[in-house]
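Reader: I would like a close look at a single part of this model. Please take one helix and its surroundings, and then place it in the rest of the chain.

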Amino acid sequence: MLKDLIEGFREFRRTNFKQQRGLFRTLAWAGQKPKAALITCCDSRVDPTLIFAAQPGDLFVVRNVANLVPPYKPNQDYHGTSAALEFAVRELGVQLLVVMGHSQCGGVAALPKDRSDQKSDFVDHWMSIAEPALTKLREGLPADAETDLPELERAVVRLSLDNLRTFPWIAEAEREGRLLLCGMLFDVADAELHVLDNATGQFQPVSPPRPRFHSTHSALSATAAAAVEGSAEETAAHT
């Protein structure tokens with residue numbers, strides 16, 4: 001695997017870096033100024049820069065198990081996610097803060113399970129952040145009822161958004177219109193993106209892109225479109 005990484009780096013040097021050398025040098029000397037921060041899972045199947053076709057310097061990405069945000073709790077413990085959020089909002093001044101969950105999340109799937117026989121130094125305690133989402137989802141259900149995992153994945157995103165608003169400087173920035181909070185869920189198998197509608201509390205799918213020909217054609221002016229059609233008809237008349 002190490003050899004694969006080295007070869008991947010060499011391919012990066014031959015292609016992306018060669019094509020974007022100027023961008024990398026600008027970022028190195030001018031510093032980063034991302035407009036958006038994204039909290040997502042550290043699952044290897046979820047790559048935010050690939051999903052959003054982002055360039056280096058576009059996204060400030062915070063990754064952890066199950067895209068969780070803990071409640072605001074400043075103390076002497078180590079707070080990796082909270083520290084990253086503080087840097088993104090207070091230092092970089094991002095304008096958009098996204099929590100993006102994903103389908104088939106292993107951390108979320110483990111939440112309803114009995115893990116008393118499992119050894120865990122950190123993961124189980126970390127996942128306890130999401131227990132309120134599980135409790136709320138299972139209200140009124142029989143104890144032996146199956147947990148709806150897709151709904152739990154969405155509930156965890158909502159919980160993380162609620163927890164973001166316990167940070168006073170995030171709540172203030174949102175209240176003053178300097179920061180927009182957004183929830184998303186990415187479907188790994190079908191590459192579908194669902195965005196949380198704050199008015200309804202439901203996730204709505206993002207419309208798939210139109211075929212490239214149609215989107216290009218629709219951007220043409222009426223005159224240009226007529227010329228294209230006329231040229232096609234003239235070609236057909238001569239064949």
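Author: What follows starts from helix H5 and works outwards to the pocket, the loops and the salt bridges. The model is a predicted one.

Some context for the whole chain comes first. The secondary structure of the protein chain amounts to twelve helices and six strands. Of its 239 residues, 31% are buried. Among contacts between residues at least 6 apart in sequence, 63% join residues at least 24 apart.

Helix H5 covers residues 80–91. Threonine 81 belongs to this helix. Its relative accessibility is 9%, and threonine 81 is therefore buried, the limit being under 20%. The side chain of threonine 81 has a polar contact, at 3.0 Å, with the side chain of asparagine 64. Leaving aside residues up to four places away in sequence, threonine 81 touches Val62, Asn64, Leu68, Pro70 and Trp126.

Further along H5 there is a salt bridge between arginine 90 and glutamate 86, whose closest N and O atoms are 3.0 Å apart. The two residues are four apart in the helix, so about one helical turn separates them. Glutamate 86 is partly exposed, at a relative accessible area of 34%.

H5 also takes part in the largest pocket, which holds about 500 Å³ of space. Of the 17 residues that line this pocket, Tyr78, His79, His125, Trp126 and Ile129 are the closest to its centre. Trp126 is also among the residues touched by threonine 81. The elements that give two or more residues to the lining are H5 and helix H7 (123–127). H5 gives the most, with three residues. Sorted by class, the lining has seven nonpolar, seven polar and three charged residues.

The loop between strand E2 (59–64) and H5 contains alanine 66. Phi of alanine 66 is near 70 degrees, a positive value in a residue other than glycine. Most residues other than glycine have a negative phi. Alanine 66 is buried, with a relative accessible area of 0%.

Alanine 191 also has a positive phi, of about 55 degrees, and is not a glycine. Alanine 191 lies in the loop between strand E4 (180–187) and strand E5 (192–197). With a relative accessible area of 56%, alanine 191 is exposed, whereas alanine 66 is buried.

The salt bridge in H5 can now be set beside others in the chain. The count comes to seven salt bridges. Side chains of opposite charge can pair when their charged atoms come close. Arginine 165 pairs with glutamate 174, the closest N and O atoms being 2.9 Å apart. Arginine 165 is partly exposed, at 32% relative accessible area, and glutamate 174 is partly exposed as well, at 25%. Another salt bridge joins glutamate 176 to arginine 178, at 2.8 Å from N to O. Here too the partners are partly exposed: glutamate 176 has a relative accessible area of 49%, and arginine 178 has 45%. Elsewhere, Glu7, Glu11 and Arg14 are linked in a network of salt bridges.

To return to the helix: H5 holds the buried threonine 81, carries the salt bridge of arginine 90 with glutamate 86, and gives three residues to the lining of the largest pocket.

Note on methods
Residues numbered from 1 in each chain as written. Predicted model: local features only at pLDDT ≥ 70, side-chain atom pairs only at ≥ 80, totals over all residues. Heavy atoms only, no water. Salt bridge = Lys/Arg side-chain N within 4 Å of Asp/Glu carboxyl O. Buried < 20%, exposed > 50% of the residue type's maximum accessible area, 1.4 Å probe, protein only. Polar contact = N/O pair within 3.5 Å; in protein donor to acceptor, adjacent residues only side chain to side chain. Contact = heavy atoms within 4.5 Å. 1 Å grid on protein atoms, 1.4 Å probe; cavity = no way out; pocket = protein on both sides within 12 Å on 5 of 7 lines; lining within 4 Å. Points joined across faces, edges and corners; volume = space filled by probe spheres on them. Nonpolar A, V, L, I, M, F, W, Y, C, P; charged D, E, K, R; others polar.
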